[in-house]
Structures are given as C-alpha cells and as structure tokens.
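Thanks for coming, everyone. I'd like to walk you through one structure today, so please have the picture open while I talk.

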Amino acid sequence: MQDNHWVHLCIDMQRIFAEDTPWHVPWMQDVAPQVQEVARRHPQRTVFTRFVPPKRAEDMPGLWRSYYEKWDNMTLDRLGPNMVDLVPSLKTLVPPARIFDKMTYSPWTTGELHRVLAGEGVETVAISGGETDVCVLAAALGAVDLGYRVILLKDAVCSGADETHDASLELLGDRFTVQLEVSSTEDFLSRV
C-alpha cells in the first residue's frame, strides 16, 4: 500500500476494558504491543475510538436502556469518567492521534467519523483493538458498507471470548474477500 489515503482505526483500547471491571478483556494486554507499534509509528494517521457509557441507564433509548439496567455498575455515574480514558500508553499519542467517542458498538452511527475521513480522502481503514466479536466487528462491517477498504490486523485485535473471536476473524476473512483483508501487523507495517 503505497498511498497516503489510509488511517489506523483503533477500537476501544480503554481503561474500562483493560482494568478490573466486569467488562475486563484479559488478553487486551497481549495485543497492546502490536496496537502501540502501529500507533507510535503513525500517530498522525491514528484514530482512537472510545466506548462511552451514559451517566445513567435512563439516559439511553430503547434496548440500550435495558442493557445499562443490566450493567448499571458500568454507567459513568458508577464508574467515573476517567475509566473511559485510553490506556495510558496510547493516551500519550493524542495529539497528533485523534479520539472519536461513541455510545454504540459502531463508530459510524453518528456519521461524524465518516464525514471527517471522507473529507480527508481516506480510502483504507486498518483496524485494531477490541473486542473482535463486538465493536471491532461493527467497525469493520460499517467500514465495508461505507466503501472503505478494510485491513483487519489479526494480531492486534482481541476479545474476552476465544471462540467468538476466532469465528469473527474467520467470518470476516472468508465472506468479505473483495472488501476486507486479514493481515498481521508486521505485514501491514511493511507496506505503509
């Protein structure tokens, strides 16, 4: 990939998932070195997303309200706002890296991220972060729907569940071969 029309979209590498919470993703620490390598080499091309819970369950519409009634200990009133911060090793890269907050699994729902990237001429999105079978999956499928070329960095994504992580990588790699490429971080970095 020799063009400059790409970004590294790093999904939800946050304290809320890295630390001891009910949403803890134990092997986030295992993919952190690969995520950090891409972000450190290309901070100006890195966009971090943050999953931001509401202050209270009743602040959310529809089934999101039910979701946060189940996970009431994961609302901002209970957690505190600092828990949505990026992990410290990535937070130091902002700026020049950027942050886009989201309240849903997909970073594309509001249209703001797509508006900014399209305005910059971005054509390819390299995805890292967590969780493979939730927010990464939503980010990848949304990017495909919007016409981006997607490169999923298989050793830089993680989940709390091995089986659905593996199934998600297989699904994305097998079903979207024209629009999505599954790559190692090392191979990706050798091409940019």
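Let me begin with a term I'll need in a moment: the bend at a residue is the angle between two fitted axes, one through the seven residues ending there and one through the seven starting there. And please keep in mind that what you are looking at is a predicted model.

With that term in hand, look at helix α2. It covers residues 28-41, 14 residues in total. From first C-alpha to last, α2 reaches 20 Å, close to the 20 Å expected at 1.5 Å a residue. Even so, α2 has a kink of about 30°, and the centre of that kink is Gln34. Which residues of α2 are buried? They are Met28, Val31, Ala32, Val35, Gln36, Val38 and Ala39.

Let me step back to the annotation. An unreviewed UniProt entry lists residues 8-180 as "domain: Isochorismatase-like". In the model, that span is 39% helix and 19% strand, and its end C-alpha atoms lie 14 Å apart.

Now for the strands, starting with β1, residues 6-11. Six of its six residues are buried. On one side you have Trp6, His8 and Cys10, and on the other Val7, Leu9 and Ile11, so to speak a strand with both faces covered.

Who are the partners of β1? Strand β4, residues 124-130, pairs with β1 in the parallel sense over six bridges, and there you can find Val7 opposite Val125. Strand β2, residues 46-51, also pairs with β1 in the parallel sense, over four bridges. In that pairing, Leu9 has Val47 as its bridge partner.

From β4 we can carry on to β5, residues 149-158. Six bridges join β4 and β5, which run parallel, and Ile127 stands opposite Leu152. Seven of the ten residues of β5 are buried, so this strand is largely enclosed by the rest of the structure.

You have now heard Leu9 and Ile127 mentioned in the pairings, and both come up again in the core. The largest nonpolar core has 58 residues, and the members that touch the most others are Leu9, Leu90 and Ile127. If we leave aside neighbours within four places in sequence, what is Leu9 in contact with? Its contacts include Val47, Pro107, Trp108, Leu113, Val125, Ile127 and Ala139. Thr49 and Ser128 are among the contacts of Leu9 too.

Next, a few backbone details to click on. Most residues other than glycine have a negative phi, and most peptide bonds are trans. Against that background, look at Asp12, which is not a glycine but has a positive phi of about 55°. Asp12 sits in the loop between β1 and α1, the helix at 15-18. Is Asp12 buried or exposed? At 1% relative accessibility, Asp12 counts as buried, because the cut-off for buried is under 20%.

Then there are the cis peptide bonds. One runs from Pro95 to Pro96, with omega near 15°. Pro96 is in the loop between α5 (88-91) and β3 (98-102). Another cis bond joins Gly130 and Glu131, with omega about -15°. Glu131 belongs to the loop between β4 and α7 (135-145).

Here is a charged side chain to look at: Arg50, in strand β2. Arg50 has a relative accessible area of 15% and is buried. Again leaving aside neighbours within four places in sequence, Arg50 is in contact with Asp12, the residue with the positive phi of about 55°. Its other contacts include Gln14, Asp85, Phe100, Asp101 and Lys102.

Let me finish on the outside. Arg115, in helix α6 (residues 112-119), is exposed, with a relative accessible area of 53%. The C-alpha atoms of Arg115 and Asp166 are separated by 31 Å, with their places 51 residues apart along the chain. Pro61, in the loop between β2 and α3 (62-70), is also exposed, at 53% relative accessible area. And to bring us back to α2, the C-alpha atom of Pro61 is separated by 36 Å from that of Val38, although the two residues are 23 apart along the chain. Val38, remember, is one of the buried residues of α2.

That's my tour. Thanks for listening!

Technical notes
Residues are numbered from 1 along each chain as its sequence is written. This is a predicted model: local features need pLDDT of at least 70, side-chain atom pairs count only at pLDDT 80 or more; totals for chains, interfaces and linings use all residues. Side-chain values use heavy atoms; hydrogens and water are left out. UniProt positions are given in the numbering used here, feature names are shortened, and annotations may be inferred rather than shown by experiment. Helices (H or I, at least four residues) and strands (E, at least two) are DSSP runs, numbered from the N terminus. The expected span of a helix is 1.5 Å times one less than its number of residues. Buried means under 20% relative accessible area, exposed over 50%, partly exposed in between (1.4 Å probe, protein chains only). A nonpolar core is a set of buried Ala, Val, Leu, Ile, Met, Phe, Trp, Tyr and Cys residues joined through side-chain atoms within 4.5 Å. Contact means heavy atoms within 4.5 Å. Two strands pair if DSSP finds at least two bridges between them.
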